[in-house]
Amino acid sequence: MELINKMLDGDKRACARLISIVENDEKESEKLIKTIYKHTGKAHIIGITGPPGAGKSTLTDKYVKLLRKSDYKVGVIAVDPTSPYTGGAILGDRIRMNDLALDPGVFIRSMGTRGYLGGLAKATRNAVKILDASGCDYIIIETVGVGQSEVDIVKAADTVVLVMVPGLGDDIQSIKAGIMEIGDLFVVNKSDIFGAQRTATEINMMLDMSQDMDRRPPVVMVTANQNKNIEQMEQEIQKHYQYLVDNGLLEERRKKNIKRELLELVEEELKKLVIRETENNGELDSMTESLFNKETDPFTLRDVLLSRIK
Amino acid sequence: MDKPIRVLVAKPGLDGHDRGAKMIARALRDAGMEVIYTGLRQTPEQIVAAAIQEDVDIIGMSILSGAHNHLFPKVIGLLKEQDAEDIMVIAGGVIPEDDIPALKEAGVAAIFTPGALTTEIVQFIRDNVKR
């Protein structure tokens, strides 16, 4: 409780401890989120996603510095992959943000994905809630380097910035489904290198093909390591947020995500319940056996299990 | 899932040789730990701030430039100042034998000099981190 009060006052050590709790301890985490949930929902949550090496961390660093000029309090959650073999991880996003470590208005936390596949860690959304409750005006979630379908960031952010770089393939890549559909804003980083203009053009062409878009996402060319055009990116992020607010879409988007989170929690708990019911007495194994022998089918057994819970 | 040990690996001081630190980071990763790698030329203040925000169990530092007698105790002092002395500190690099007793006295839990095996370091961390 004391930790929670300290966190609500913005104490960094308390924030850090509580994030460890949501990462490691399911029971305590539940209690914690129950207590702080009413304090959440104030921050503008921005997702920064894109392929490995696109410059997400460098861009985050520069963007946070820009936000700090206006004295906003900023939280950063940077996700990197966990080894599926050993459970270990190298969390190296901070290396691009070392200057921010001592800024009293910035909190940065690295997270390993720990087996979670959508580009975030399982505890990321709860960590965001902690930073939100602690008074951050902006929370930036930097995803793992993504491929084509790690799109969980849309479930967690108000604004998704998709960072692209030149040289990753031709224009067919940009009309594929998945990651290219989730950007509220496209950023072409490393725009000082050859091919950047072409990459921007291809993204623009892809965006112009969509007929039924209420809002066409803008494409901004930046060079993060030279701090170039970050202001323009910031303006577009603000415009997107304003667009959401003006059209009642912020509420809609957040409600959609809240509903999704609730259903995920129920799903998870149901699964645990079923496992608890059937694993120890060998029922799960005997059901598997009868499925293997084609004596029944998975849908029938699903209904059997669910009817028992009701 | 078991809570993985979280380690901050940092290079304070001005020398630019981070191969050793990267080797250690990699070995700890392979031992199932979460390694926050902050890289070269970190000030003690930056290291301590990062360790607190990352809520690590242990800080591992490497110095090859000879500034260890100043920088390691500085980190430990800052941890104490911020009520974070529960975070263990270990160190490595080119540290002369004669300097080791004073560094241990100052609170460095272990010092691994050239020739130390990564398995020794992993074992030390596993045995000594309070869980």
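The following exchange examines a predicted model of two chains, A and B.

Trainee: Which element gives the most to the side of chain A that touches chain B?

Mentor: In this predicted model, 26 residues of chain A are in contact with 26 residues of chain B. The elements of chain A that supply two or more residues to that side are helix H2 (12-24), strand S3 (89-91) and strand S4 (106-112). With 7 residues, the element that gives the most is H2(A).

Trainee: How many residues of each class does the side of chain A that touches chain B have?

Mentor: The contacts in question join 26 residues of chain A with 26 residues of chain B. Sorted by class, the chain A side has 10 nonpolar, 10 polar and 6 charged residues.

Trainee: Which residue of S2(B) does A:Ala89 stand opposite?

Mentor: S3(A) pairs with strand S2 (residues 34-42) of chain B in the parallel sense, over 3 bridges. Opposite A:Ala89, in S2(B), stands B:Glu34.

Trainee: Where do the buried residues of H1(B) fall, as seen down its axis?

Mentor: The buried residues of H1(B) are B:Ala21, B:Ile24, B:Ala25, B:Leu28 and B:Arg29. In an α-helix there are 3.6 residues a turn, so residues three or four places apart point the same way. Viewed down the axis of H1(B), the buried residues fall within an arc of 140°, so they line one face of the helix.

Trainee: What span should helix H1 of chain B have, and how far apart are its end C-alpha atoms?

Mentor: Helix H1 of chain B comprises residues 19-30, which is 12 residues. At 1.5 Å a residue the expected span is 16 Å, and this agrees with the separation of the end C-alpha atoms, 16 Å.

Trainee: Which element of chain A is included in what covers the buried residues of H1(B)?

Mentor: From chain B, the cover includes strand S1 (6-12), S2, strand S3 (58-63), strand S4 (88-93) and helix H5 (118-128). Chain A is represented in this cover as well, by S3.

Trainee: Are the residues on the two faces of S1(B) buried or exposed?

Mentor: On one side of S1(B) are B:Arg6, B:Leu8, B:Ala10 and B:Pro12, and on the other B:Val7, B:Val9 and B:Lys11. The strand is mostly covered, with 7 of its 7 residues buried. The residues on both faces are therefore classed as buried.

Trainee: Which residue is the bridge partner of B:Ala10 in S2(B)?

Mentor: S1(B) and S2(B) run parallel and are joined by 6 bridges. Within S2(B), the partner of B:Ala10 is B:Gly39.

Trainee: Which residue of S7(A) stands opposite A:Leu162?

Mentor: A:Leu162 belongs to S6(A), where A:Val160, A:Leu162 and A:Met164 point one way and A:Thr159, A:Val161 and A:Val163 the other, all of them buried. S6(A) pairs in the parallel sense with strand S7 (residues 185-188) of chain A over 4 bridges. Opposite A:Leu162 in S7(A) stands A:Phe186.

Trainee: What is the bridge partner of A:Gly47 in S6(A)?

Mentor: Strand S1 (residues 44-49) of chain A runs parallel to S6(A), and 4 bridges join them. In S6(A), the partner of A:Gly47 is A:Val160.

Trainee: Why does A:Gly55 count as buried?

Mentor: A:Gly55 is found in the loop between S1 and helix H4 (56-69) of chain A. Apart from neighbours within four places in sequence, A:Gly55 is in contact with A:Val163, A:Val165, A:Asn189, A:Lys190 and A:Ala224. A residue is buried if 20 or more other C-beta atoms lie within 10 Å of its own. A:Gly55 counts as buried because its C-beta neighbours inside 10 Å number 23.

Trainee: What arc do the buried residues of H8(A) cover around the axis?

Mentor: The buried residues of H8(A) are A:Ala196, A:Thr199, A:Glu202 and A:Ile203. They lie on the same side of H8(A), because the arc that they cover around the axis is only 125°.

Trainee: Is A:Asp303 buried or exposed?

Mentor: A:Asp303 lies in helix H12 (residues 298-309) of chain A. A residue is exposed if 12 or fewer other C-beta atoms lie within 10 Å of its own. For A:Asp303 there are 10 such atoms, so A:Asp303 is exposed.

Trainee: How far apart do the C-alpha centres of domain 1 and domain 2 of chain A lie?

Mentor: The domain assignment of chain A gives domain 1 as 39-247 and domain 2 as 259-309. The distance between their C-alpha centres is 38 Å.

Terms used. Residues are numbered from 1 along each chain as its sequence is written. Chains are lettered from A and ligands numbered from 1 in the order in which they are written. This is a predicted model: local features need pLDDT of at least 70, side-chain atom pairs count only at pLDDT 80 or more; totals for chains, interfaces and linings use all residues. Two residues are in contact if their C-beta atoms, placed from the backbone, lie within 7 Å. Ala, Val, Leu, Ile, Met, Phe, Trp, Tyr, Cys and Pro count as nonpolar, Asp, Glu, Lys and Arg as charged, and the others, Gly among them, as polar. Two strands pair if DSSP finds at least two bridges between them. The expected span of a helix is 1.5 Å times one less than its number of residues. The arc is that of the directions from the helix axis to the C-beta atoms. Domain bounds come from an automatic or database domain assignment.
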